[in-house]
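Dear colleague,

I am handing over the structure below, and after it you will find my notes on what turned up when I went through it. Please read them with the coordinates open beside you.

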Amino acid sequence: MLNVAEARVAQIEKKEKHHKNSVLVLKRLFQNPGAVVGLIIVLIMVFAAIFAPYLTPYKYNKINILEAYQFPSLAHPAGTDQLGRDILSRLMFGARYSLQIGIWTTLISTVAGIILGAIAGFFGKAVDELIMRFFDILQSMPGMILNVAIASALGTGFLNCIIALSVAGIPRSGRLIRASILSIREMEYIQAASLANSSTTKIISKHLIPNALSSSIVQATMSIGGAITAAAALAYLGLGVQPPIPEWGAMLSEGRTYIRAYPYMTIFPGVLIVITVLALNLLGDGLRDALDPKLKK
């Protein structure tokens, strides 16, 4: 066991090491071309979503029947839909809803998973067994079927879509953080915190979780793209965000009726979903490579 003086030295060394590792991770991340491209695309999407009211050429809900079903042109670069609404404007506003669904879903499932996984990994025994069996129950059902079941029970809508998608993601985050905590809970700085009379809550929140977050950050980055895709699938099935809200999945669902005669109505939202998910995956891959301990010198 460590004495109090050694405990303080261990905590100081841990902080210094953490700072050096953070700088090294950022350096490796920006040396990865794929990660940089992914980051740029994500930033562009976020910029478009935030400033959509100032960037869109038309109001996203402006109806003009006389201009319905217009193919892409200079006046309407992405064409118009069956109500004469400008698709480009709806796509830019739709980024707000799609990105929010991805971010909020990932945030809720990750935070819930981290809390449950940290408790299971720290206490072990009966607590660990109970939480792991709860995860087993959730993971015994395919993710999409679970999403559909919860969405059907809650009903359609933006908030209900986020809740339905969040539940399925909890076990992945929980198991990941639990595995990390099991490997670090016996390390010296954890013993140092115990010797400093830190409470169990403080040890978990300030020492265990922050040092086990690396893998969770990578998973969360990739999960945003998966949540966007899952939300689009729910909307396509009529269980997600509903028209006239210009969420990309809802636009896909709305345009499928006209896919033969006016394919652009589904092509543009579909391409945006693909590009966004690809960018998030590239960024996630870059973070994983930057945080890989095998690459550290």
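Tyr-69 sits in the loop that runs between helix 3 (52–55) and helix 4 (87–123), and I begin there, with the caution that the whole model is predicted. Most residues other than glycine have a negative phi. Tyr-69 is not a glycine, and yet its phi is positive, at about 60 degrees. With a relative accessible area of 30%, Tyr-69 is over the 20% limit for a buried residue and short of the 50% limit for an exposed one, so it counts as partly exposed.

Gln-82 belongs to the loop between helix 3 and helix 4 as well, but at 14% relative accessibility it falls under the 20% limit and therefore counts as buried. Once its neighbours within four places in sequence are set aside, Gln-82 is in contact with Ile-65, Ala-68, Tyr-69, Glu-254, Tyr-258 and Met-265. With one of these, Glu-254, there is a polar contact of 3.1 Å between the two side chains.

Glu-254 leads on to helix 11 (residues 248–255), which is mostly covered, since eight of its eight residues are buried. Glu-254 is among them, together with Trp-248, Gly-249, Ala-250, Met-251, Leu-252, Ser-253 and Gly-255. The buried residues of helix 11 pack against four partners, namely helix 2 (33–50), helix 4, helix 10 and helix 12 (264–291). At its N-terminal end helix 11 is capped by Glu-247, which places a side-chain oxygen 3.0 Å from the backbone nitrogen of Gly-249.

Two of those partners, helix 4 and helix 10, also meet one another. The axes of helix 4 and helix 10 (residues 214–236) come within 8 Å and cross at roughly 135 degrees. An angle of that size lies above the 65 to 115 range for roughly perpendicular pairs and does not exceed the 145 beyond which a pair is roughly antiparallel, so the two helices are oblique to each other. Their crossing is right-handed. On the side of helix 4 the contact is made by Ser-98, Leu-99, Ile-101, Gly-102, Ile-103, Thr-105, Thr-106, Thr-110 and Ile-114, and on the side of helix 10 by Ser-216, Ala-220, Ser-223, Ile-224, Ala-227, Ile-228 and Ala-231.

Within this contact, which residues does Ala-220 touch, leaving aside its neighbours within four places in sequence? Ala-220, which is found in helix 10, is in contact with Thr-106 and Thr-110. The C-alpha atoms of Ala-220 and Thr-106 are separated by 6.1 Å, although the two residues are 114 residues apart along the chain. Ala-220 has a relative accessible area of 16%, which is under 20%, and it is therefore buried.

As for the protein as a whole, its secondary structure comes to 12 helices and zero strands. Of its 297 residues, 43% count as buried. The protein exposes about 15600 Å², and carbon and sulfur atoms supply 67% of that area. Among contacts between residues at least 6 apart in sequence, 72% join residues at least 24 apart, and the pairing of Ala-220 with Thr-106, at 114 residues apart, gives an example of such a separation.

With best regards

Terms used: Residues are numbered from 1 along each chain as its sequence is written. This is a predicted model: local features need pLDDT of at least 70, side-chain atom pairs count only at pLDDT 80 or more; totals for chains, interfaces and linings use all residues. Side-chain values use heavy atoms; hydrogens and water are left out. Buried means under 20% relative accessible area, exposed over 50%, partly exposed in between (1.4 Å probe, protein chains only). A polar contact is a pair of N or O atoms within 3.5 Å; within protein, one must be able to donate a hydrogen and the other to accept it, and residues adjacent in sequence count only if both atoms are side-chain atoms. Contact means heavy atoms within 4.5 Å. Accessible areas come from the Shrake-Rupley method with a 1.4 Å probe; for residues, only the protein chains shown count as cover. Axes are lines fitted to C-alpha atoms, for helices over the stretch in contact, and angles run from 0 to 180 degrees between N-to-C directions. Angles under 35 degrees count as roughly parallel, over 145 as roughly antiparallel, 65 to 115 as roughly perpendicular and the rest as oblique. A crossing is left-handed if the near helix is turned anticlockwise from the far one by less than a right angle, and right-handed if clockwise.
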